[in-house]
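Visitor: I am new to this structure and would like a close look at a single part of it. Could you choose one helix and take me through it slowly, together with its surroundings?

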Amino acid sequence: MTTVLLVAGSPSERSRSAALLAAVQQRLRERVVRTDRLALRTLDAEALLQADVGHPDVVEAARRVAEAGAIVVATPVYKAAYSGVLKVFLDVLPQSAFKGKTVLPLATGGSPHHMLALDYALRPVLQSLGARLILPGVYATDAQVVVTPEGAHQLAPELSTRLDDAVDALVAETGAQAAHAGSFAPVPFAQVRCSV
Ligand SMILES: Cc1cc2nc3c(=O)[nH]c(=O)nc-3n(C[C@H](O)[C@H](O)[C@H](O)COP(=O)(O)O)c2cc1C
């Protein structure tokens, strides 16, 4: 069964972009898709900054990327681009780390002005790592993602709908990918049709 790796690219513990990721993870679980979650802020900072590709944290993270059939990458917008921790992480991955994989990018930003950062900044990097397909990203402003002090999150209804659509596209793609690879994709119970 395909595993979807969820990569949290914010340095913040209480993170809005991580809330988007959690919402995607919840939707994937409802569709019985296996997920794995990687918070880049927990990786060894020195290893990332010094591009120490032999460090156990980096080796283990690269292994989880390699094992995933699809990747969801969430980042805050920083200075009209994506976060620095995401950049140093992508830099230590092998050049073809995303080869054959479907990628769904997610971002949150303080204002709508930088919503294209996913397309002009992140997309070319994902492409250079060999992604098979980069799905249209989902961008949310801070006003659309409320994170409580306890860490719970509340999403604007319009944003929830866009995430539903993005997860539908991701599941359809990874299912097609798995079928192509000769294994079976998970079928949601509601879609099971019995012979009559
Ligand atoms: C260093 C820094 C730079 C930022 N630069 C931008 C920016 O250029 N454009 C923008 O819309 N928001 C910017 N923001 C706001 C964040 O993108 C926004 O609050 C985001 O939701 C934070 O996500 P996180 O909680 O997952 O870290 C910046 C925030 C920080 C801390």
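Guide: What follows is a walk along one helix, α1, with a visit to its surroundings and to a second helix for comparison.

Please keep in mind that this is a predicted model. The protein has six helices and eight strands, and from the N terminus on its elements run β-α-β-α-α-β-α-β-α-β-β-β-β-α. Of its 196 residues, 36% count as buried. Among the contacts between residues at least 6 apart in sequence, 80% join residues at least 24 apart.

We come to α1 through the loop that lies between β1 (3-8) and α1, where Arg-14 is found. Arg-14 counts as partly exposed, because it has 13 C-beta neighbours inside 10 Å, and partly exposed residues lie between the limits of 12 or fewer for exposed and 20 or more for buried. Leaving aside residues up to four places away in sequence, Arg-14 touches Val-147 and Gly-151. The C-alpha atom of Arg-14 is also separated by 8.7 Å from that of Thr-148, although these two residues are 134 apart along the chain.

The helix itself covers residues 16-30. Its 15 residues should span 21 Å at 1.5 Å a residue, and the end C-alpha atoms are 21 Å apart, so the span agrees with the expectation. Buried residues in α1 begin with Arg-16, Ser-17, Ala-18, Ala-19 and Leu-20, and they go on with Leu-21, Ala-22, Ala-23, Val-24 and Leu-28. Just after the helix, Val-32 takes a positive phi of about 60°. Most residues other than glycine have a negative phi.

How does α1 take part in the nonpolar core? The largest such core has 52 residues, and those with the most contacts inside it are Val-7, Leu-20, Leu-21, Ile-71, Val-72 and Leu-106. The largest share of this core, eight residues, comes from α1. In soluble globular proteins, nonpolar side chains tend to be buried together. Leu-20 gives a detailed view of these surroundings, since one can list the partners that it touches beyond four places in sequence: Ala-74, Leu-106, Thr-108, Val-138, Ala-140 and Val-145.

The same helix also takes part in the surroundings of the ligand. There are 17 residues around the ligand, and those that come nearest are Ser-17, Pro-76, Thr-108, Gly-109 and Gly-110. The elements that give two or more residues to this shell are α1 and β4 (102-109), and the largest share, three residues, comes from α1. By character, the residues of the shell divide into five nonpolar, nine polar and three charged.

For comparison, consider α5, which covers residues 117-128 and has 12 residues. From its first C-alpha to its last, α5 reaches 16 Å, close to the 16 Å expected at 1.5 Å a residue. In α5, Ala-117, Leu-118, Leu-122 and Leu-126 are buried. They cover an arc of only 70° around the axis, which means that they are on the same side of α5. On the other side of this helix, Tyr-120, Pro-124, Gln-127 and Ser-128 are exposed. The buried residues of α5 pack against β3 (70-76), β4, β5 (133-134) and β6 (138-141), so that β4, which gives residues to the shell around the ligand, appears here again as a packing partner.

Beyond the end of α5, the loop that leads to β5 contains Leu-129. Leu-129 is partly exposed, because 18 other C-beta atoms lie within 10 Å. Not counting residues up to four places away in sequence, Leu-129 touches Leu-90, Leu-93, Gln-95, Ser-96, Ala-97 and Phe-98. One of these partners, Gln-95, is 34 residues apart from Leu-129 along the chain, while their C-alpha atoms are separated by 5.3 Å. The helix α5 is also followed by Gly-130, whose phi is positive, near 95°.

Definitions and conventions:
Residues numbered from 1 in each chain as written. Near = placed C-beta within 6 Å. Helix = DSSP H or I, 4+ residues; strand = E, 2+ residues; numbered from the N terminus. Nonpolar A, V, L, I, M, F, W, Y, C, P; charged D, E, K, R; others polar. Expected span 1.5 Å × (residues − 1). Arc of directions from axis to C-beta. Contact = placed C-beta atoms within 7 Å. Core = buried A, V, L, I, M, F, W, Y, C linked by C-beta atoms within 7 Å.
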